[in-house]
Amino acid sequence: MLIMSRIRRLRRTGPVSIGIARDSRTGRNGVVAACTNDDCGWSANFATQEAAELAAQDHRCSVR
Ligand SMILES: [Zn+2]
């Protein structure tokens, strides 16, 4: 997964990894949550780590 190489991983909630990623356009750090299940492909950007962790906990992988 290409995007993961630029992310400083913080923690993992279930299949979802949460990390800090630098936005090359704005130069600011954002929080990225991405499902590590290859068949799922879910990922999202958040302004805060708390929001990312909440979404990670709510993420229901459709792939088993
Ligand atoms: Zn998933």
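The legends below accompany several close-up views of a predicted model.

**View 1. The chain is built from one helix and four strands.** Following the chain from the N terminus, a reader meets the elements in the order β-β-β-β-α. Among contacts between residues at least 6 apart in sequence, 22% join residues at least 24 apart.

**View 2. The surface of the chain and its buried residues.** The accessible surface comes to about 4500 Å², and carbon and sulfur atoms account for 46% of that area. Of the 64 residues that make up the chain, 31% count as buried.

**View 3. A zinc ion is held by donors from Cys35, Cys40, His59 and Cys61.** The three cysteines each offer their SG atom and His59 offers NE2, with these donors lying 2.1 to 2.4 Å from the zinc ion. Along the chain, the donors of the zinc ion follow the spacing C-x4-C-x18-H-x1-C. The arrangement around the zinc ion is tetrahedral, because the four donor atoms subtend angles of 101 to 118 degrees, and the test for this geometry asks that all angles lie between 85 and 135 degrees. For comparison, the ideal angle for four tetrahedral donors at a metal is 109.5 degrees.

**View 4. Two of the zinc donors, Cys35 and Cys40, seen by their accessibility.** Cys35 counts as buried because its relative accessibility is 1%, and the limit for a buried residue is under 20% relative accessible area. Cys40, by contrast, has a relative accessible area of 23% and is therefore partly exposed, a class that lies between buried and exposed, where exposed means over 50%.

Conventions
Residues numbered from 1 in each chain as written. Predicted model: local features only at pLDDT ≥ 70, side-chain atom pairs only at ≥ 80, totals over all residues. Heavy atoms only, no water. Helix = DSSP H or I, 4+ residues; strand = E, 2+ residues; numbered from the N terminus. Buried < 20%, exposed > 50% of the residue type's maximum accessible area, 1.4 Å probe, protein only. Contact = heavy atoms within 4.5 Å. Areas by Shrake-Rupley, 256 points an atom, 1.4 Å probe, with all protein chains shown as cover. Donors = N, O, S within 2.8 Å, 3.2 Å for Na, K, Ca; no water. Tetrahedral: all angles 85-135°; square planar, octahedral: opposite > 155°, others 65-115°.
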